[in-house]
Amino acid sequence: MKKRISNPADITPAYEDRGLFKKPSTELAIDLIPKFGKNTRHDIIIKGLMQNDVEVDVIFAGRRKRHAEELVTLLRRKWDEANQIVIKGMKPPARKRVRVPTRVQGSWRTRVIDDEQNLYIVEHQLLVARWAYNSFDGEFRSFGEPPYVQQRFQEFLEKTKERD
């Protein structure tokens with residue numbers, strides 16, 4: 001497979017965000033649960049629960065993934081703590097019971113998968129640009145930045161206001 005860009009240093013925030021955030025961004029509250037992994041690009045994927053416990057993949061990609069490590073650490077710590085409380089002979093807690101309420105701004109994308117019976121399964125993924133949550137000690141934490149395309153639009157609006 002041919003690489004799209006020859007030099008990784010040429011990947012600017014604008015270039016990265018144009019590839020990631022192809023649809024308009026949205027803000028929403030989502031509960032992250034301790035179910036996570038990585039894809040082939042080493043993006044961090046954390047399961048999130050929306051209203052009615054609808055499960056979605058929440059993806060921290062590109063330059064934002066290094067800041068998501070703290071969130072993964074928090075989820076692991078909460079999961080370990082929930083399992084330490086369990087008395088011998090009791091069932092361990094369900095992962096969906098251990099949650100970190102998070103406010104995110106991101107863009108939706110759809111992924112279509114072909115299963116063994118040649119049926120198509122549609123998954124919805126949320127690519128995250130910004131996120132905020134309360135850390136283990138209750139401190140408010142905020143990471144990320146609006147998608148570059150949106151930042152440029154906001155700058156344009158501010159300049160337009162100045163002219164008026």
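**Figure 1. Strands S5 and S6 pair in the antiparallel sense in this predicted model.** Ala132 stands opposite Ser142 in S6. Five bridges hold the register between S5 and strand S6, the latter spanning residues 140–144. The two strands form a hairpin with five residues between them. Within that hairpin, Gly138 takes a positive phi near 90°.

**Figure 2. Strands S4 and S5 run antiparallel.** Strand S4 covers residues 100–114, and twelve bridges join it to S5. S5 itself covers residues 120–134. Thr110 stands opposite His124 in S5. This hairpin, too, has five residues between the strands. Here Asn118 is the residue with a positive phi, near 60°.

**Figure 3. A nonpolar patch lies on the surface at Val112, Tyr120 and Val122.** The three residues make a patch of about 340 Å². Tyr120 belongs to strand S5. Its relative accessibility is 64%, so Tyr120 counts as exposed; the cut-off is over 50%. For the chain as a whole, the exposed area is about 11600 Å². Carbon and sulfur atoms supply 51% of that area.

**Figure 4. Strands S3 and S5 run parallel.** Three bridges join S5 to strand S3, residues 55–60. Asp57 has Gln125 in S5 as its bridge partner. Is S3 mostly covered or mostly open? S3 is mostly covered, with five of its six residues buried.

**Figure 5. Strands S2 and S3 form a hairpin.** S2 takes in residues 44–49 and runs antiparallel to S3. Six bridges join the pair. Gly48 has Val56 in S3 as its bridge partner. Five residues lie between the strands. In the turn, Asn52 has a positive phi of about 60°.

**Figure 6. Four residues of helix H1 are buried.** H1 spans residues 13–20, and its buried residues are Ala14, Glu16, Asp17 and Leu20. They cover an arc of only 160° around the axis, which puts them on the same side of H1. An α-helix has 3.6 residues a turn, so residues three or four places apart point the same way. Asp17 has a relative accessibility of 0% and therefore counts as buried.

**Figure 7. Arg63 forms salt bridges with Glu16 and Asp17.** In the pair of Arg63 and Glu16, the closest N and O atoms are 2.6 Å apart. Arg63 lies in the loop between S3 and helix H2 (65–85) and Glu16 in helix H1, so this pair ties together parts that are 47 residues apart in sequence. Both Arg63 and Glu16 are buried. In the pair of Asp17 and Arg63, the closest N and O atoms are 3.0 Å apart. Asp17 lies in H1 and Arg63 in the loop between S3 and H2, so this second pair ties together parts that are 46 residues apart.

**Figure 8. Lys38 forms a salt bridge with Glu69.** The closest N and O atoms are 3.8 Å apart. Which elements does this pair tie together? Lys38 lies in strand S1 (residues 26–38) and Glu69 in helix H2, so the pair ties together parts that are 31 residues apart in sequence. Lys38 is exposed, with a relative accessible area of 52%. Glu69 is partly exposed, at 33%. A separate view takes in the shared partners: salt bridges join Glu16, Asp17, Arg63, Arg64 and Glu145 into one network. The count of salt bridges comes to 16.

**Figure 9. The chain holds three helices and six strands.** From the N terminus on, the elements run α-β-β-β-α-β-β-β-α. The chain has 164 residues, of which 32% count as buried. How much of the contact set joins residues 24 or more positions apart? Such residues account for 54% of the contacts with a separation of 6 or more.

Terms used
Residues numbered from 1 in each chain as written. Predicted model: local features only at pLDDT ≥ 70, side-chain atom pairs only at ≥ 80, totals over all residues. Heavy atoms only, no water. Buried < 20%, exposed > 50% of the residue type's maximum accessible area, 1.4 Å probe, protein only. Arc of directions from axis to C-beta. Contact = heavy atoms within 4.5 Å. Areas by Shrake-Rupley, 256 points an atom, 1.4 Å probe, with all protein chains shown as cover. Patch = residues over 30% accessible without salt bridge, like charges linked within 9 Å, V, L, I, M, F, W, Y side chains within 5 Å. Salt bridge = Lys/Arg side-chain N within 4 Å of Asp/Glu carboxyl O. Pairing = 2+ DSSP bridges.
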